[in-house]
Amino acid sequence: MTDSTLLGRAHFFRLPDGPKLVRWFCGSWTALVFAFLYLPIFLLVLFSFNQSKSGFVWEGFTLEWYDALFHNRVLLQAFGNSLLIGTISTACATFLGTLGAWLLYRYRFPAHRLMETFIFVPMIMPEILMGVSLLVLFVLFSLPLGYFSVIIAHITFTFPFVLIGMQARLEGMDPSLEEAALDLGATPSQAFFKVILPYLVPAIASGALLAFSLSLDDYIVTVFVTGAASQTLPLKVYGMVRVGLNPQLNALSALGIVLTMFLVFVSERLKQPTPGETL
Amino acid sequence: MPEPTRQSPTALGLDPRRASWKAWLLLAPLLVWLALFVLLPTILLIVTSFSNRDELGRVVYSFNWDNYRRCFDPTWLSIFWDSIVYALLATFICVLVGYPAAYTIGRASPANRRLLLTLVMVPFWTSFLIRTYAWISVLSQEGLVNSLLLSSHILPTPLSMMYTPFAIVLGLVYNYLPFMILPIYTSVEKLDNSLVEAAYDLGAGPLRAFSRVIIPLTRPGITAGALLVFVPAIAMYAITTLMGGGSNPTIGEVIQNQFTRARNQPFGAALGVLLMLLFLVCFFVLGRKKNSAHPV
């Protein structure tokens, strides 16, 4: 970190090593990579305003597709489902993740390592395997596939992400914070609610944001455990994408991209240390 | 044992309390959740893979190896193989394309670095459906490339680029490239510049410095990136179905089919268990490589 601040902003790309050729190559390669990443997305947004129903010939500016999108009952209902499922599973996942991270940080349990490792399993397990194994479970216990089963699945694959983020925040915490609270006469639960929890707020917020976006975006797990009524937005979108090009999809994608950019911006802000923090 | 870098409560003299019954009670929901919705389903999947089905497609629990015997039929083996090849190609291309970009970002000035990283994060967080649809609209028969080629009379008939292995690999690369750039960036950022300068001072050219100093020092990032790209790419089926159109099925598509249309859950479960074993092997091999790269 220190050498980067010392060298400062002398060059746009700080490549003190090697001749100019290397710098030139790396710079233009990176520009190409970003073009590769952004050009298709940019085109989607651009053509969402195109009057032409099919094809990529510009025929003039229109908001017709956005209008059609906002009157598309099927998509609106699926979006409502996604919001409902996302909100409930985010609340549960954030609760489970925060509490779990705190307990595993503060207490020694027998088989502690095993528990901590096991929490990783839903994170690294291929989504398709999680989907089919939950389906087998729900069918065996004759739990009807619908909102409830989808919410269970979403909590299962989101809460480990909340927990891991929380662990990182707890590791950076000054343990004397809690000690001081206890010395000054707080009960353990008072210390948790008045000292620890406020300290964890940024991690709780970014964990919840992560859980919500994972839930909102999921297709692979949901497709196995959903019923007809509880279909989420990605499921409907997948169906539309399979059929072919559709200007309403361009409009929907453009909105999704703008929302993502906003969320990335917010979470980057959350990561910045708040002023007045000691660590 | 707490690592010395970690400011664990133990290191500062505040012992983690031994779990009281209250702590157990608070942890119980999490443990029950993991047992009920992660451990139990996995066990059930394994049990199902040894079972049969009745005429209605319901699972009849029994014990036999029939499903596994069927898995080793050349048809399914070649699909397994194809999935691995697609994932390997995608990983290889991601390293090739992503490395110089990650390197550049890692060596940019702090302000630029922040901006460029955020620019990598946006596609990382954008829904994979949107990103896949973006390429479909570029590649399909009435897509961007074909309309340009046709309207400028370069080609008389549209090119068919969708539903090919090329489209599948492209879809995978596009979706997983940020997963490769981010870990490589992390290890480039940690790279000690004086080592690179020492290589130049001792007479190494850029290529030699790159292959003998920079690559070995950033190998943990490459391995982590490979783990994040290769492993999920084998099992990914939504992108491959959309880009491949079902003509070049991957293992994930076959499993999904067995559980939905074909109604042969035991066979799908057996394929799933084999996929899980493949995963464990990947994690073991790549994870060990990663650890051996970190001698400290």
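Biologist: How many of the 17 residues of helix α10 of chain B are buried?

Modeller: In this predicted model, local features need pLDDT of at least 70 and side-chain atom pairs count only at pLDDT 80 or more, whereas totals for chains, interfaces and linings use all residues. Residues are numbered from 1 along each chain as its sequence is written, with chains lettered from A and ligands numbered from 1 in the order in which they are written. Helix α10(B) is largely enclosed by the rest of the structure, because its buried residues (20 or more other C-beta atoms, placed from the backbone, within 10 Å of their own; exposed means 12 or fewer, partly exposed in between) number 13.

Biologist: What distance does α10(B) reach from its first C-alpha to its last?

Modeller: This helix (a DSSP run of H or I, at least four residues; strands are E, at least two; both numbered from the N terminus) covers residues 219–235. At 1.5 Å a residue, taken times one less than the number of residues, the expected span is 24 Å, and the span in the model is close to that, at 25 Å.

Biologist: Which helix gives the most residues to the largest nonpolar core?

Modeller: The core (buried Ala, Val, Leu, Ile, Met, Phe, Trp, Tyr and Cys joined through C-beta atoms within 7 Å) holds 131 residues, and those touching the most other members include Val132(A), Leu172(B), Tyr176(B) and Val229(B). The leading contributor, with 15 residues, is a chain B helix spanning residues 165–190, namely α7. Another core, of five residues, lies apart from it and includes Val196(B) and Ile214(B), but the helix asked about for the largest core is α7(B).

Biologist: Which helix supplies the largest share of the side of chain A that touches chain B?

Modeller: The contact (C-beta atoms, placed from the backbone, within 7 Å) takes 75 residues from chain A and 81 residues from chain B. On the chain A side, 12 residues come from the helix at residues 20–47, which is α2(A).

Biologist: Among contacts in chain A between residues at least 6 apart in sequence, what percentage joins residues at least 24 apart?

Modeller: Chain A comes to 12 helices and one strand, and along the sequence that strand follows four helices and precedes the rest. Of its 279 residues, 39% count as buried. Among the contacts you describe, the share that joins residues at least 24 apart is 77%.

Notes
Two residues are in contact if their C-beta atoms, placed from the backbone, lie within 7 Å.
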